[in-house]
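Here is a short briefing on one protein chain. Please keep the sequence and the 3D view open while you read.

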Amino acid sequence: MTSEERHEARYRRRKAERQRRRDARSEACGSFEQVFSYEHLYRAGRECCKGVGWKCSTQRYLGNFTANIARTHRELMDGTWKTKGFFAFDLMERGKLRHIRSVHIAERVVQRCLCDNALVPLFSAAFVYDNAASLKGKGIDFAMYRLTCHLQRYYRKHGTDGWALVFDFSDYFNSAPHAPIYAESERRIRDERVQKLACGLMEDFGERGFGLGSQVSQIDALMLPNRLDHFIKEQLHIEGYGRYMDDGYLIHESRDYLQECLKKIRAVCADIGIRMNEKKTRIVKLQELHFLKTRFYLTETGKVRRKMCRKSARRMRRKLKTFRRWMAEGRMTEEDIRTAYESWRGHMRRGNSYRVLRRMDRFYKRLMEKGA
């Protein structure tokens, strides 16, 4: 046997072993009947209603909860369950128009049941550790923590001199292709009915793109660039790499190597069907690293300092003035304003924002006392 034949045989054995583990995970999730059992649907329904009990649609659904769950279970088992469509509306976020397609509460129960008992355990097994969005135990705080760790580890090896490649995908949710998700579903989901339902919920948003407001879309959006994540970690050998949905970064001591990486990343993205945002994709010094609206500073002592976006405080001042006017008109309550402000403060506490928060607290106090 030649070396090429031994290499091919070894590759086939490893490929077969990987597929065997995928099949074992799929079998552990169970059949369609087990994934969408009454108990699973009931638990998913309770989880979907948490935090949104103030909505009229949720209150109506909870008013006849057990009967609604039983009807959904019966329709799923006999194959007559159908989607109820979307509640479509637009949001203008900092000058960017976002088209939201929110699903009905009854469909959210089905999507959560599918994600919790099939898609998340099957898809997340393939994710790299630094894929930081929309999973239990992960999120913005996790993504910032991992970037801090990567910077500290880089400092211990190379000091403060280094470069970072930050990238962003263009119109990610609206232009995402479905073909890679079909391929991954076929590889990882053995039950044909579960696979058909998962792909059908994705197809409801059209031939391309995922829907903002859909849990299935969230996990599909995490899986789509998974091939890129493994390419960067395993073939480009970038240790300091992380991604939060469509934002990512690579840290390396050589600018030239990062330029080569960018060319290869563009080729992989083109093959997947993802378009990169050339305006936001650039190579910067570590001292100029911006990620998730936060600027990360690597100091000479190796300490990592975070500075939140300066515009955030200005926007919040304008919002508070508007909210105060609405409160005088009876359109908002003081409790609503306080909740919005505390939510913003919670985000700002992720960075070194002690002085900013003290100034904003004084501004908030003067504003709420005005005309009291």
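**Overall layout**

Among contacts between residues at least 6 apart in sequence, 70% join residues at least 24 apart. The model is predicted. The chain holds 16 helices and nine strands. Its C-alpha trace spans about 85 × 60 × 30 Å along the principal axes. Of its 372 residues, 44% count as buried.

**Nonpolar cores**

- In soluble globular proteins, nonpolar side chains tend to be buried together.
- The largest nonpolar core here has 66 residues. F36, L114, L119, I232, L250 and I265 touch the most other members.
- Helix α6, residues 105–123, supplies the largest share of this core, with 11 residues.
- Another core lies apart from this one and has 35 residues. Among them are L298, M348, M360 and F363.
- Which residues does F36 touch, leaving out those up to four places away in sequence? They are L41, H73, L76, M77, V110, C113, L114 and L197.

**Helix α6: Q111 and the packing with α1**

- Q111 is a residue of helix α6. Is Q111 buried or exposed? With a relative accessibility of 1%, below the 20% cut-off, Q111 counts as buried.
- Beyond residues up to four places away in sequence, Q111 touches V103, L201, S214, Q215 and V216.
- Q111 and L41 are 70 residues apart along the chain. Their C-alpha atoms are separated by 9.7 Å.
- Helix α1, residues 3–29, also packs on α6: the axes come within 9 Å and cross at roughly 160°. This angle makes α1 roughly antiparallel to α6.
- The α1–α6 crossing is right-handed.
- On the α1 side, R25, S26 and C29 make the contact. On the α6 side, the contact residues are N117, A118, P121 and L122.
- By class, the α1–α6 contact has four nonpolar, two polar and one charged residues.

**Helix α16 and its two partners**

- Two packed helices are described by the angle between their axes and the distance between the axes.
- Helix α14 covers residues 310–329, and helix α16 covers residues 354–369. Their axes come within 11 Å and cross at roughly 15°.
- How are α14 and α16 oriented, parallel or antiparallel? Angles under 35 degrees count as roughly parallel, so α14 and α16 are roughly parallel to each other.
- The crossing of α14 and α16 is right-handed.
- From α14, the contact uses A313, M316, R317, L320, K321, R324 and M327. They meet V356, M360, F363, Y364, L367 and M368 in α16.
- The α14–α16 contact has 10 nonpolar, no polar and three charged residues.
- Helix α15, residues 334–348, packs with α16 at an angle of about 175°. The axes of α15 and α16 are 11 Å apart. This makes α15 roughly antiparallel to α16.
- E334, I337, R338, Y341, W344, R345 and M348 are the contact residues of α15. V356, L357, M360, D361, Y364 and M368 are those of α16.
- The α15–α16 contact divides into nine nonpolar, no polar and four charged residues.
- M360 of α16 appears in the contact with α14 and in the contact with α15. M360 is also among the residues of the 35-residue core.

**Positive phi in two loops**

- Most residues other than glycine have a negative phi, and most peptide bonds are trans.
- M245 has a phi near 55°, a positive value in a residue other than glycine. M245 lies in the loop between β4 (240–244) and β5 (247–252). Its relative accessibility is 8%, so M245 counts as buried.
- K293 is not a glycine either, and its phi is positive at about 60°. K293 sits in the loop between β7 (289–291) and β8 (294–298). Its relative accessible area is 53%, so K293 is exposed.

**A residue of strand β2**

- R98 lies in strand β2, residues 96–103.
- At 30% relative accessibility, R98 counts as partly exposed.
- How far apart are R98 and N174 in space, C-alpha to C-alpha? They are 9.6 Å apart, with their positions 76 residues apart in sequence numbering.

Terms used. Residues numbered from 1 in each chain as written. Predicted model: local features only at pLDDT ≥ 70, side-chain atom pairs only at ≥ 80, totals over all residues. Heavy atoms only, no water. Core = buried A, V, L, I, M, F, W, Y, C linked by side-chain atoms within 4.5 Å. Buried < 20%, exposed > 50% of the residue type's maximum accessible area, 1.4 Å probe, protein only. Helix = DSSP H or I, 4+ residues; strand = E, 2+ residues; numbered from the N terminus. Contact = heavy atoms within 4.5 Å. Axes fitted to C-alpha atoms, helices over the stretch in contact; angles between N-to-C directions. Parallel < 35°, antiparallel > 145°, perpendicular 65-115°, else oblique. Left-handed = near helix turned anticlockwise from the far one by under 90°. Nonpolar A, V, L, I, M, F, W, Y, C, P; charged D, E, K, R; others polar.
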